[in-house]
Amino acid sequence: VSEETKDLSFEEAMKRLERIVGDLEAGTFSLAESLARFEEGIALGRHCRELLGRADLRIRTLVEGPDGTFAEGEPFDGE
Amino acid sequence: VAVITSPAGAAIRDILSTLRRRFPCVEVLFLPVPVQGAAAAPAIARALDELSARRGADVAIVGRGGGSLEDLWAFNEEVVARAIHRCAVPVISAVGHEKDVTIADLVADRRAATPTMAAEIAVPERVEVQHRLDAVLGSMLARVRSRSERAAARVNELLRSYALGRVRGRIEAGMQGVDFALQQLQRAARGGLRDRAARSDTLAARLGALDPRETLRRGYTACVDARTGRLLRGAGEALAAGDVHVAFHDGSVAARVAARVDEEAR
């Protein structure tokens, strides 16, 4: 689960977390299933916090070449 | 967040600084394009198409800083309007100042008065998102806590329940039954041994009765073939054997059968 979680974007992780809470609210799961979801939820929450905690804006550039195709370009810091 | 604008203008700086301030964890995909002159409109349109084909972002900001009507003209061009319209990624337009309205602004999913405002539309405040995350995690924690508390309460309830009490009673009764059965088994085993001992005494007595020596003691004799030692069971056998031994209770004697006498006696 944790490897999958690490690859999720903030929005994906948040969506999954909200679904887990919804599942838990529905209360249709056994205690073991509830705890498994809770564990996943904690991992997702940690992942979200980590993403939120990133302080540096990451900027990629996509530049059109003379032949009309786009490619990753030089980093741009905007300063 | 994709940003399609000039690398030289104020727009990109305003957008980046706003994103940094509000939500620095976001990833920016910057597509530098000319925003004025004849090359601008087709370049903006191609950048939008490229972004759309790549599905390279969740939202795109297209625009430039303020300028004259001619400076903003690329954003009134049909190619730009059509590219915004067909873009698979939601587009926020941010062209010039508040008062400037271009066709791009009318076609876009959202119109921002300035590039800074476009960035504010594109991302939430980080602290708001953090609150939302905290709320979701808190709600999850509360759910799980109540779920496990409910389970614990149920266990306690079951432990105290009458049904379990009865089962416990039955188990205790069963244990007593087992003890009783074991005692009985031990008693029975001891009794069995005693019975068997008594029975073997009787058997010995009965075996004694069958002892041929007892019969000899009472005055009877047994006659055996002198050669084979076989017990002779009749007058004919004795006559045939000839030489016989006659056993008394205190010893045997050798004898010869002379003749059969019962027939002569008759």
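A trainee and a mentor go through the terms used for this predicted model.

Trainee: How do you know which features count, and how are the parts labelled?
Mentor: The model is predicted, so local features need pLDDT of at least 70 and side-chain atom pairs need pLDDT 80 or more, while totals for chains, interfaces and linings use all residues. Residues are numbered from 1 along each chain as its sequence is written, chains are lettered from A and ligands numbered from 1 in the order in which they are written, and side-chain values use heavy atoms, without hydrogens and water.

Trainee: How many helices and strands does chain B have?
Mentor: Chain B has ten helices and eight strands. These are DSSP runs, numbered from the N terminus: helices are H or I with at least four residues, strands are E with at least two.

Trainee: What makes F10(A) and F23(B) an aromatic pair, and of which kind?
Mentor: Ring centres of Phe, Tyr or Trp (its six-membered ring) must lie within 6.5 Å; planes under 30 degrees apart are stacked, over 60 edge-to-face, the rest tilted. F10(A) and F23(B) are 6.3 Å apart, centre to centre, with 80° between the planes. The pair is therefore edge-to-face. It crosses between chains, from helix 2 of chain A to the loop between helix 1 and strand 2 of chain B.

Trainee: Is F10(A) buried or exposed?
Mentor: Buried means under 20% relative accessible area, exposed over 50%, partly exposed in between, with a 1.4 Å probe and protein chains only. F10(A) has 11%, so it is buried. F23(B) has 8% and is buried too.

Trainee: Why is the pair of F76(A) and F30(B) called tilted?
Mentor: Their planes meet at 45°, so the pair is tilted; the centres are 4.7 Å apart. F76(A) lies in the segment after strand 2 (70-72) of chain A and F30(B) in strand 2 of chain B, so this pair joins two chains. F30(B) has a relative accessible area of 0% and is buried. The whole structure has two aromatic pairs over all chains.

Trainee: What sits over the ring of F29(A)?
Mentor: The charged end of R37(A), 3.7 Å from the ring centre. The rule asks for NZ of Lys or CZ of Arg within 6 Å of the centre and within 35 degrees of the ring normal.

Trainee: What makes E120(B) and R21(B) a salt bridge?
Mentor: The rule is a side-chain nitrogen of Lys or Arg within 4 Å of a carboxyl oxygen of Asp or Glu. In this pair N to O is 3.5 Å, so the pair qualifies. E120(B) is in helix 5 and R21(B) in helix 1 of chain B, 99 residues apart. E120(B), at 29% relative accessibility, is partly exposed. R21(B), at 51%, is exposed.

Trainee: Which parts does the bridge of R86(B) and D49(B) tie together?
Mentor: R86(B) is in helix 3 (residues 78-86) and D49(B) in helix 2 (residues 40-54) of chain B, so the tied parts are 37 residues apart in sequence. The N to O distance is 3.0 Å. R86(B) is partly exposed at 48%, and D49(B) is partly exposed at 30%.

Trainee: Where do E78(B) and R82(B) lie?
Mentor: Both lie in helix 3 of chain B, four residues apart, about one turn of the helix. Their closest N and O atoms are 2.7 Å apart, in a salt bridge. E78(B) is exposed at 51%, and R82(B) is exposed at 52%. Over all chains the count is 18 salt bridges. R58(A), R60(A), E72(A) and E27(B) are linked in a network of them.

Trainee: Why does R64(B) have no salt bridge?
Mentor: The nearest side chain of opposite charge, D71(B), is 4.5 Å away. The limit is 4 Å, so this pair fails. Lys and Arg count as positive, Asp and Glu as negative; His and the chain ends are not counted. R64(B) is nonetheless buried. It is placed in strand 3 (residues 60-64) of chain B.

Trainee: What is M140(B) in contact with, beyond its neighbours within four places in sequence?
Mentor: Contact means heavy atoms within 4.5 Å. Partners of M140(B) are L17(A), I20(A), V21(A), L24(A), F38(A), G41(A) and I42(A).

Trainee: How many residues has the largest nonpolar core?
Mentor: It has 41 residues, and M140(B) is among those with the most contacts inside it. Helix 2 of chain A gives the largest share, seven residues. A nonpolar core is a set of buried Ala, Val, Leu, Ile, Met, Phe, Trp, Tyr and Cys residues joined through side-chain atoms within 4.5 Å.
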